[in-house]
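Work through the three exercises below. Try each task before you read its solution.

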Amino acid sequence: MRRTLCAALLTALAGAGCVSVSERAAPTAADAQAAASASVSPSAPTADYIGTREPFASDAVYFVVTDRFVNGDPTNDQREQGGANRTFDRPVPGAPKGRTANIGYLGGDFKGILDNAEYIADMGFGALWLTPVVDNPDEAFLGGEPVKWGGMHTDQGKTGYHGYWGVNFFELDEHLPSRGLDFRALTAGLKQQGLKTVLDIVANHGSPSYSAPVDQPKFGELYDRDSRLIADHQNLHPSKLDRGSNPLHRWYNTSGGLAQLSDIDSTQPEVLDYFVDAYSQWIDQGADAFRIDTIGWMPHEFWNAFSQRIREKRPGFFMFAEAFDHDAATIAQHTLPRNAGVSVLDFPLKERLVEVFGKQGGGYERIAERLYLTDGPYANPYELMTFYDNHDMPRIDARDTGFIDAHHFLFTARGIPVIYYGSEVGFERGSAEHAGNRNYFGQKRVDAAVGHPIRESLKRIGTLRANTPALQRGLQVNLAFKGDRAAFYRVLQDGATQQIALVLLNKGDAPARFEIREHLQAGAWRAALGGGSVAVAEGGALEATVPAHGAEVYLLDASVTQPGLRAALNEAMRRARREG
């Protein structure tokens, strides 16, 4: 990330049991107010307790594979495109009875997104992440290994429906816009619904570039702003490229990369210029943030230069990257200022979320150690993108209650939550790529989703996060992470914004009783989800019963005065800063 952590927390793992409280009369609201007032010294300075000042942290993200969300305009489907190598509707062979997947275009477009922007925003999301919008080849690919049910890295018969096979990074793919609705109009329309636009970008590769029986149009080619051919793999194996005498080969590495994709050489100065110019164009048309695909395939030097130049154009521009690795120390390198200085998708945490909220059903203690709230490798853990699945891995295999529990955690814990389209109804749970992961969602499913228990719970907790600054940017202090229960504080003290949130989570099948004393500040705590308030006197406890697969968030809009909590936060500030 571009800024290091200004404050963090002391992680204090407690046992699963409640803290006992001595017998006393229940404090009244007047008692609580008097105790709170008495604990404040008028002359005491107010410290800042901030997880992040990143504005984007306020916005949970809904992620769509654009072609697979909703077909709002059938006139742009290009159903005849490709002729014998058609691009529309190509079912994956070998599907079991009753199952389906597809490697062709299915019609999802900008109109389908904009028609349903209110549906997305209504769940509490503040941003929409789109797959790449740039022009892709106009035929199905004839090279590589044949796609088969459940196969990985096999591309024969596949199309660029996903957007990651760019051939002209300045040009909009023809399957996406409608009359009067280009990318600029889409981003403007989303903003009217309160949604920022996150654009998925690629720089390390283009389209499949070799192994086809004949050299197919556009495959392995790159075009500039004026639609001039500037690079061409010419269907040659990377080892056969002649970079010395053929200027069209200079952009490509000769060692090869992933599958048959053209592997772009980051050391060529024109490569950096090309991608900075191309992606600056999409910023000019309304992109609010970037998601960087496969950041680890190009060196830190390239991404450092890229991020600096983008931010020269748009100061503070937010970017997060995919580094598909479960080792925190490895992916954290991209967050450091000397490298890309961007956020990353939190794959190490994702690994544990799948374990804890999927059918395996691990305990919350498995999550706690992956938060890295202090002495961790990240420049700032509060700016990480948190998720449990996406388009590049099997969807989480969970019961409805597992999705509900996962959302309760993601929308209250540190980080910026990202939810993959359809997860609000458990769509295609457990399905991998080429086995249903990216299947078409469609308007009928959108309409039917309203009222679904997963979506209603997501809307409730998503709306709470959208309206609660402490859950967006506050420091996290853990009290208990064990078994089916988690309890922690989120604290934000930033100028006029002063808020303490106490989060209680229960993923068990029975109600759970919590009794919280540790670092508990006196005052009238309001229950943000259940309603009502609880008066806590100095030295008292907060007692609550959280329903099965439920959550409660108690809020106290006040500065931190409780000595134990202040000490924990102050100590954490000393330990959490990550330079480099």
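Helices here are DSSP runs of H or I with at least four residues, numbered from the N terminus. The model is predicted.

**Exercise 1. Check the length of helix α5, then look at what follows α5.**

Step 1: Helix α5 covers residues 269-284, which is 16 residues.
Step 2: The expected span is 1.5 Å times one less than the number of residues. That gives 22 Å for α5.
Step 3: The end C-alpha atoms of α5 are 23 Å apart, so the model agrees with the expected span.
Step 4: After α5 comes Gly286, with a positive phi near 120°.
Step 5: Buried residues of α5 include Val271, Tyr274, Phe275 and Ala278.

**Exercise 2. Decide whether Arg291 is buried or exposed, and find its polar partner.**

Step 1: Locate Arg291 in strand β10, residues 289-292.
Step 2: Buried means under 20% relative accessible area. Arg291 has 0% relative accessibility, so Arg291 counts as buried.
Step 3: The side chains of Arg291 and Asp200 share a polar contact of 3.0 Å.
Step 4: Beyond its neighbours within four places in sequence, Arg291 also contacts other residues, among them Trp129, Tyr164, Glu322 and His391.

**Exercise 3. Test the protein chain against the rule for a compact globule.**

Step 1: The protein chain has 580 residues, so a compact globule would have a radius of gyration near 25 Å.
Step 2: The protein chain has 25 Å, which agrees.
Step 3: Along its principal axes, the C-alpha trace spans about 85 × 50 × 40 Å.
Step 4: Of the 580 residues, 61% count as buried.

Definitions and conventions. Residues numbered from 1 in each chain as written. Predicted model: local features only at pLDDT ≥ 70, side-chain atom pairs only at ≥ 80, totals over all residues. Heavy atoms only, no water. Helix = DSSP H or I, 4+ residues; strand = E, 2+ residues; numbered from the N terminus. Buried < 20%, exposed > 50% of the residue type's maximum accessible area, 1.4 Å probe, protein only. Polar contact = N/O pair within 3.5 Å; in protein donor to acceptor, adjacent residues only side chain to side chain. Contact = heavy atoms within 4.5 Å. Rg over C-alpha atoms; globule rule 2.2 N^0.38 Å.
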